[in-house]
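I'm opening a fresh page for this one. Below is what I looked up, entry by entry.

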Amino acid sequence: MGEKIRQILSDSSSARWTALLIVSFTMMMGYFITDVMSPLEVLLTKTTAEGGLGWSSSDYGFFAGSYSYINVFLLMLFLGGIILDKMGIRFTGLMSCSFMVIGVIIKYIGVSTDFGNQHFTISAINFDIPMSVAVASLGFSIFGMGCEICGITVSKIITKWFNGHELALAMGIQVALSRLGTAGAMMISLPVANAFHNKVSAPVLLGAVLLIIGALSFLVYNVMDKKLSKSVEEAGREERNSSDEPDDSEQFRFKDLKLIFSNPGFWCITLLCMLFYSGVFPFLKFATKLMVANYGVSERFAGILPGLIPFGTIFLTPLFGTIYDKVGKGATLMLIGSIMLTIIHIIFALHILPYGWFAVIIMITLGVAFSLVPSAMWPSVPKIIPMKLLGSAYAIIFYIQNIGLALVPVLIGKVNDYDPTYTTSMSIFAGFGAAAVVVATILLIIDKKKNYGLQKANIKK
């Protein structure tokens, strides 16, 4: 391996895959926390006499959307991308991990403390929520800021180590491991809460411990990142964009952001990301009660069903990533996934075959769609954006995505208060899917005109 280090560390397959597994573990723990309370809406909305926290569907919707409030309204995610391009991977990664840990601790305080009848009220705008909702939402917002900045950092890390190699496969595996964290949260949160006498705080505390371990693992990656930078210098490479400290010709400049803002392909990917994820992640927040209300399944089984979506991506996202690496057709994969998402939500809206076994089939199919789009979308960004701007580019994509993740759950929570049959909310999700189909089609057309290479293989022969 010494020969490889004298060239460049990322040329070593064992080194780059080790780096990938380390940062993927950090993100996996982050995604566990992201959805650790998604299966618990049933408990949260029970009265305090029944062992719940007495939240309404609107309260839960506000909390679910709070993940993105700081990112969207305080522009922290956009600033995080600039920090990443200016300060580098190591600094930004540790900063984001710290925010995640602080946020989950505050979130735990919010759901474990008895606030009595205290409310957080802003009379000027007629805003009033229980104090437990306010504190938990504050923690979730801080955590969300850290998690999203960590996400764009990890995306740049993977591009740094795998550019010219198995880029789509690497990103697919990272997404798959992140979804494993989501699947774990969806499947074990309710059983853990039930084991501790319906305490919502129990799975949150478990997640906090796992997240701290994940944050510590990022310190190990920092050691490898330093070695990679050193190997680039020793090899005398001119491609200093692979280094965490690029040379003057590759340093970030604010004026270079116009290369992002003027790129039509970038905006298609950004809009597609927002629409597609708005039809998936907010759906997961409410899917447990949907299964109980419309498919006649038990609360315990209903908590497991949404976990089938991310669980399916664990195997399929790397598979589709490999196809993109070797065959190409990235824009086509995104289009097919968007079409599948639309059809699935239409089925939910029409209440076709309201049986538990059919819900399982639909959830698995949604998992396939959820694998197709990310496996092609994330590795497509480096094809149209230069490395020195990649952090800012991913930050803008994540920022726009977070607008949907912030507002859609609030909308769905209010809609479900008035339409508990979920017909309206599923129709809204189907609308997001249909819009994603339109955008994916436009991206396919633009790629042919601009020759971005989205339909070409990633591996250089």
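**Entry: helix H13**

How far apart should the ends of helix H13 (residues 281-295) be at 1.5 Å a residue, and what does the model give? Before I answer, a reminder to myself that this is a predicted model. The expected span counts one less than the number of residues. For the 15 residues of H13 that comes to 21 Å, and I find the end C-alpha atoms 20 Å apart, which agrees.

I also checked the helix for a bend, and H13 has one of about 50° at Ala 287. Ala 287 is itself among the buried residues of H13.

Is H13 enclosed or open to the outside? I get twelve of its 15 residues as buried, so the rest of the structure largely encloses it. Looking down the list of buried ones, I see an unbroken stretch from Phe 281 to Thr 288, and then Leu 290, Met 291, Asn 294 and Tyr 295. Lys 285 is on that list too. Right after the helix, I noted that Gly 296 takes a positive phi of about 60°.

**Entry: salt bridges**

How many salt bridges does the structure hold? I have four in my notes.

I started with Arg 16 and Glu 166, whose side chains meet at 3.2 Å, N to O. Arg 16 sits in helix H2 (residues 13-34) and Glu 166 in the loop between H8 and H9, so this pair ties together parts that are 150 residues apart in sequence. Buried or exposed? For this I need the cut-off: buried means under 20% relative accessible area. Arg 16 has 6%, so I call it buried. Glu 166 has 19%, so it counts as buried as well.

Next I looked at Asp 85 and Lys 156, which form a salt bridge at 2.7 Å, N to O. Here Asp 85 belongs to helix H6 (residues 76-87) and Lys 156 to helix H8, and the two are 71 residues apart. Both of these residues are buried.

Then came Asp 225 with Lys 160, where the closest N and O atoms are 2.8 Å apart. This pair links helix H10, which has Asp 225, to helix H8, which has Lys 160, across 65 residues. I find both Asp 225 and Lys 160 buried.

Which residues are linked in a network of salt bridges? I wrote down Arg 90, Lys 160 and Asp 225.

**Entry: the largest pocket**

I turned to empty space next. Rolling a probe the size of a water molecule over the atoms shows where such space is left. The largest pocket comes out at about 500 Å³. I count 21 lining residues for it, and Thr 48, Gly 52, Leu 53, Thr 113 and Asp 114 lie nearest its centre. Two helices each give two or more residues to this lining, H7 (89-112) and H8 (131-162).

What classes of residue line the largest pocket? My tally is 13 polar, six nonpolar and two charged.

**Entry: a loop residue**

Last, I looked up Asn 198, which is in the loop between helix H9 (167-195) and helix H10 (201-235). Its relative accessible area is 26%, so I put Asn 198 down as partly exposed. I also compared its place with that of Leu 44: the two are 154 residues apart in sequence, but 9.6 Å apart in space, C-alpha to C-alpha.

Conventions
Residues numbered from 1 in each chain as written. Predicted model: local features only at pLDDT ≥ 70, side-chain atom pairs only at ≥ 80, totals over all residues. Heavy atoms only, no water. 1 Å grid on protein atoms, 1.4 Å probe; cavity = no way out; pocket = protein on both sides within 12 Å on 5 of 7 lines; lining within 4 Å. Points joined across faces, edges and corners; volume = space filled by probe spheres on them. Helix = DSSP H or I, 4+ residues; strand = E, 2+ residues; numbered from the N terminus. Nonpolar A, V, L, I, M, F, W, Y, C, P; charged D, E, K, R; others polar. Bend = angle between axes of the 7 residues up to and from the residue. Buried < 20%, exposed > 50% of the residue type's maximum accessible area, 1.4 Å probe, protein only.
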